[in-house]
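Trainee: Hi! Could you walk me through this fold before I start working with it?

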Amino acid sequence: MHCPFCRHRDSRVIDSRTTDDGYAIRRRRQCPQCGRRFTTTETASLTVIKRNGVVEPFSRDKIVVGVRKACQGRPVTDTDLALLAQRVEESIRQTGQSQVETNDIGLAILAPLRELDDVAYLRFASVYQAFASLEDFAAAIGRMRVDGVQAKYAAGAADGDPAGADATDHDTSTSDHSAPGNDPVTGTTT
């Protein structure tokens, strides 16, 4: 490895540590010519084939940016997004492929996003599963109701509260808001 300071052709490794849950190695190096130290990070190569055929290195940051758009206005934190991106990268690396298409990445995002936030999942799924009608949304919602997965930030939970944390059941399907003396919009007694 060339020294970034004096461009000497060699360097000596003085320390190595695994990082990023074992997916990368951080090496501390020293140049024998100038004596300066620098850090390198080594990872297994993973590239993405974009829809237009361009190949570029995989980036967790791009996953975070894309999912953040679906989570706009939702109580999802930056830490939640970083963990989701890590899970997606791990699942992609487990396939053993060194190149993956962008559509495969989008599909790999769906399961962890479903566990994180119901609304963000529907927003994201509508793009990557090419929803074309209200029936597509209704079918996805129907599958969500029967799949047994409780999202961390369920749609019925209070803003900012994870699902099940003092969230009240807002199911109004059995209440009669049109009974005499009740306002049909708010359900309050008039």
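Mentor: Happy to; we'll take the overall layout, then the sheets, then the helix packing.

Trainee: Great. What kind of model is it?

Mentor: This is a predicted model.

Trainee: And how many helices and strands are there in the protein chain?

Mentor: The protein chain has five helices and six strands. Reading from the N terminus, the order of elements is β-β-β-β-β-α-α-β-α-α-α.

Trainee: How much of the protein chain counts as buried?

Mentor: Of its 190 residues, 30% count as buried. On the contact side, take those in the protein chain with a separation of 6 or more: 44% of them come from residues 24 or more positions apart.

Trainee: OK, sheets next. In what order do strands 1, 2 and 3 sit?

Mentor: They form an open sheet in the order 1-2-3, with antiparallel pairing. Strand 1 (12-19) and strand 3 are at the edges with a single partner strand each, so one side of each has no neighbour in the sheet. From one strand to the next, the twist averages 20°.

Trainee: How many bridges hold strand 1 and strand 2 together?

Mentor: Seven bridges, in the antiparallel sense. As an example, R12 has Q30 in strand 2 as its bridge partner. Strand 2 (residues 24-30) also pairs with strand 3 (residues 37-43), antiparallel and over seven bridges. There, R27 has T40 of strand 3 as its bridge partner.

Trainee: What about the hairpin of strand 2 and strand 3; which residue takes a positive phi?

Mentor: That's G35, with a phi near 80°. The hairpin has six residues between the strands.

Trainee: Moving on, what does the sheet with strands 4, 5 and 6 look like?

Mentor: It's an open sheet of three strands in the order 5-4-6, and the pairing is mixed. The edges are strand 5 (55-57) and strand 6 (99-101); each has a single partner strand, so one side of each is left without a neighbour in the sheet. The twist here averages 35° from one strand to the next.

Trainee: Which way do strand 4 and strand 5 run, parallel or antiparallel?

Mentor: Strand 4 (residues 47-49) and strand 5 run antiparallel, joined by three bridges. In that pairing, V48 is matched with E56 of strand 5.

Trainee: Which helix lies across strand 4 and strand 6?

Mentor: Helix 3 (residues 102-116) does, and it runs at about 75° to strand 6.

Trainee: Nice. Now the helices: how does helix 2 meet helix 3?

Mentor: Their axes come within 9 Å and cross at roughly 135°. That angle makes helix 2 oblique to helix 3. The crossing is right-handed. On the helix 2 side, the contact is made by D80, L84, R87, V88, S91 and I92, and on the helix 3 side by I105, A108, I109, P112, L113, E115 and L116.

Trainee: What's the makeup by class of that contact of helix 2 with helix 3?

Mentor: Nine nonpolar, one polar and three charged residues.

Trainee: And how do helix 1 and helix 2 pack?

Mentor: Helix 1 (residues 60-70) and helix 2 (residues 78-93) pack at about 125°, and their axes are 9 Å apart. That puts helix 1 oblique to helix 2. Helix 1 contributes R60, I63, V64, V67 and R68 to the contact, while helix 2 contributes residues including L81, L84, A85 and V88. The class count for this contact is eight nonpolar, one polar and four charged residues.

Trainee: What about helix 1 against helix 4?

Mentor: Helix 1 and helix 4 (residues 118-128) have axes 8 Å apart, at an angle of about 110°. That makes helix 1 roughly perpendicular to helix 4. G66, V67 and A70 of helix 1 touch A120, R123 and F124 of helix 4. By class, that's four nonpolar, one polar and one charged residues.

Trainee: One last thing: R93 caught my eye. Why does R93 count as buried?

Mentor: Because its relative accessibility is 19%, and the cut-off for buried is under 20%. R93 lies in helix 2. Setting aside neighbours within four places in sequence, R93 is in contact with Y23, A44, S45 and L46.

Trainee: Perfect, thanks!

Methods: Residues numbered from 1 in each chain as written. Predicted model: local features only at pLDDT ≥ 70, side-chain atom pairs only at ≥ 80, totals over all residues. Heavy atoms only, no water. Axes fitted to C-alpha atoms, helices over the stretch in contact; angles between N-to-C directions. Helix = DSSP H or I, 4+ residues; strand = E, 2+ residues; numbered from the N terminus. Parallel < 35°, antiparallel > 145°, perpendicular 65-115°, else oblique. Contact = heavy atoms within 4.5 Å. Nonpolar A, V, L, I, M, F, W, Y, C, P; charged D, E, K, R; others polar. Buried < 20%, exposed > 50% of the residue type's maximum accessible area, 1.4 Å probe, protein only. Pairing = 2+ DSSP bridges. Left-handed = near helix turned anticlockwise from the far one by under 90°.
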